[in-house]
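Reader: I'd like to learn how to read a protein model feature by feature. Could you walk me through one?

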Amino acid sequence: MYNIGVIDKINNKGIELLKNNNKFTFELITDISKKNLLKKLPFFDGITLRRGKINYELLKNCKRLKVISRHGVGYDNVDIKYIKENNIKLLVTNNSTSTSPAEHIMYMIISIYKGCNKFDSIVREGNFHKAIYVDMNENFELFKKKILILGFGRIGKKLIKKCLGFDLKVFVYDPYVSETVINSYGGIKVSNLEEGLKKADILSLSVPLNEETYNLISLKEMKIMKKNSIIINASRGGIINEDDLNFALNSKIIFFAGIDVFKKEPPDQNNPLLSNNRVLLSPHAATFTKECLENMSIETVQNLIDFFEKKINKSKIVSL
Ligand SMILES: NC(=O)c1ccc[n+]([C@@H]2O[C@H](COP(=O)([O-])OP(=O)(O)OC[C@H]3O[C@@H](n4cnc5c(N)ncnc54)[C@H](O)[C@@H]3O)[C@@H](O)[C@H]2O)c1
């Protein structure tokens, strides 16, 4: 019998899988404070992990722990060095976690380009008939605009199809993906970031957060971009420098941003991006659809079960 900790709330469909499998006992842990996790984690053979930071201080007491099954694909909340040294496996939901994020990126691009929030307020405030006098120079067509997709993994590959459907010209910067692969999806590879930034009307990030990508987009990069360009970040906070972004928006160095993720989550109420009306915000919600959350919870738990039943697909295990 394996004892599983379900760390943080997940959709019930995944929990049902555990309930119906007599090889497992499990506990739902909704208090993800360090104090509670320090107390609870040592009793588990495996955990599912949504939010919650699993650092050295917690892990060093977890002598039973063999596997962490992430509800998601990013794993910047886990001490990778420790789990690698101690042969704790890390699993990700690589099947279910890209469609909704790619759609969320499109939603942000379209909302910004079409001035959705502005139109919504105009109607609500009783100004319907005055709309024709509003300056529409900040509403744009997507037709023939250029997007730079930064990171051509699962999300990038889903996103490109949607972009091509809107007749966007797609450039891709990902040093780890070949030109042949990018061309086969209808994209154009750029081999240095600066070249891509110069071309882009829209920059969308779909890279993991790591030492290489931390502050990848700072003021220097924004200054290379066009003045009417927009940046969408639905990957991880910390990849864009938030202070620089706020400055660039206020100084009209770039035009607008769509931000789903923050360096610190939840962001402080005095984070200047929260009061900047050149930013469209969402609360790390790129996966927040019925389908995605159901599928992610099922995949998270199924990965864990498959691991203990020794039939886990290798593609689910992160090679550290
Ligand atoms: N907002 C959300 O709710 C949400 C949901 C899903 C994923 N994410 C984030 O999005 C990220 C991407 O997801 P994915 O499933 O596409 O991951 P993935 O691992 O499939 O793809 C990441 C791609 O980034 C590329 N890359 C790595 N370093 C790079 C660099 N310095 N420059 C350019 N490209 C680089 C890799 O080669 C890879 O192709 C995840 O790591 C996660 O942090 C966020």
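Reader: Which residues come nearest to the ligand?

Author: Two notes before we look. This is a predicted model, in which local features need pLDDT of at least 70 and side-chain atom pairs count only at pLDDT 80 or more, while totals for chains, interfaces and linings use all residues. Residues are numbered from 1 along each chain as its sequence is written. Now the ligand: a residue is near a molecule if its C-beta atom, placed from the backbone, lies within 6 Å of it. There are 32 residues around the ligand, and Gly74, Gly151, Gly153, Tyr176 and Pro208 come nearest.

Reader: How do the residues of that shell divide into nonpolar, polar and charged?

Author: The classes are fixed: Ala, Val, Leu, Ile, Met, Phe, Trp, Tyr, Cys and Pro count as nonpolar, Asp, Glu, Lys and Arg as charged, and the others, Gly among them, as polar. Around the ligand, 15 are nonpolar, twelve polar and five charged. The largest share of the shell, three residues, comes from α7. Labels of this kind refer to DSSP runs numbered from the N terminus: helices are H or I with at least four residues, strands are E with at least two.

Reader: In what order do the strands of the seven-stranded sheet run?

Author: Two strands pair if DSSP finds at least two bridges between them. Here the order is β8-β7-β6-β9-β10-β11-β12, an open sheet with parallel pairing. β8 and β12 (279–281) are the edge strands, each pairing on one side only. Inside the sheet, β6 and β7 share five bridges, and Ile147 has Val170 as its bridge partner in β7. β9 and β10 run parallel and are joined by four bridges, with Ile202 partnered by Ile230 in β10.

Reader: Which way do the residues of β10 point, and are they buried or exposed?

Author: The general idea is that side chains in a regular strand alternate between the two faces of the sheet. In β10, Ile230 and Ile232 point one way, and Ile231 and Asn233 the other. All four are buried, meaning that 20 or more other C-beta atoms lie within 10 Å of their own; 12 or fewer would make a residue exposed, and anything in between partly exposed, with C-beta atoms placed from the backbone.

Reader: Which residues have the most contacts inside the largest nonpolar core?

Author: In soluble globular proteins, nonpolar side chains tend to be buried together. A nonpolar core is a set of buried Ala, Val, Leu, Ile, Met, Phe, Trp, Tyr and Cys residues joined through C-beta atoms within 7 Å. The largest one has 47 residues, and Ile147, Leu148 and Ile149 have the most contacts inside it. Its largest share, five residues, comes from α5. A second, separate core of 31 residues includes Ile4, Ile7, Ile83 and Phe307.

Reader: What does Ile147 touch?

Author: Contact means that the C-beta atoms of two residues, placed from the backbone, lie within 7 Å. Not counting residues up to four places away in sequence, Ile147 touches Cys163, Leu168, Val170, Phe171, Ala200, Asp201, Ile202 and Ser204.

Reader: What is the strand order of the five-stranded sheet?

Author: That open sheet runs β2-β1-β3-β4-β5, with parallel pairing. Because β2 (24–29) and β5 (89–91) stand at the edges with a single partner strand each, one side of each is left without a neighbour in the sheet. For angles, axes are lines fitted to C-alpha atoms, for helices over the stretch in contact, and values run from 0 to 180 degrees between N-to-C directions. Neighbouring strands here are turned by 20° against each other on average, direction ignored. β1 (residues 2–7) and β2 pair over six bridges, and Ile7 has Ile29 as its bridge partner in β2. Helix α12 (residues 290–308) lies across β1, β3, β4 and β5, at about 160° to β3.

Reader: Why does Gly186 count as partly exposed?

Author: Gly186 has 13 C-beta neighbours inside 10 Å, so it counts as partly exposed. Gly186 sits in the loop between α8 (179–184) and β8. Leaving aside neighbours within four places in sequence, Gly186 is in contact with Ile160, Leu164 and Val170.

Reader: How many residues of helix α6 are buried?

Author: Zero of its nine residues, so to speak a hardly covered helix. Just after α6, Gly126 takes a positive phi of about 80°.
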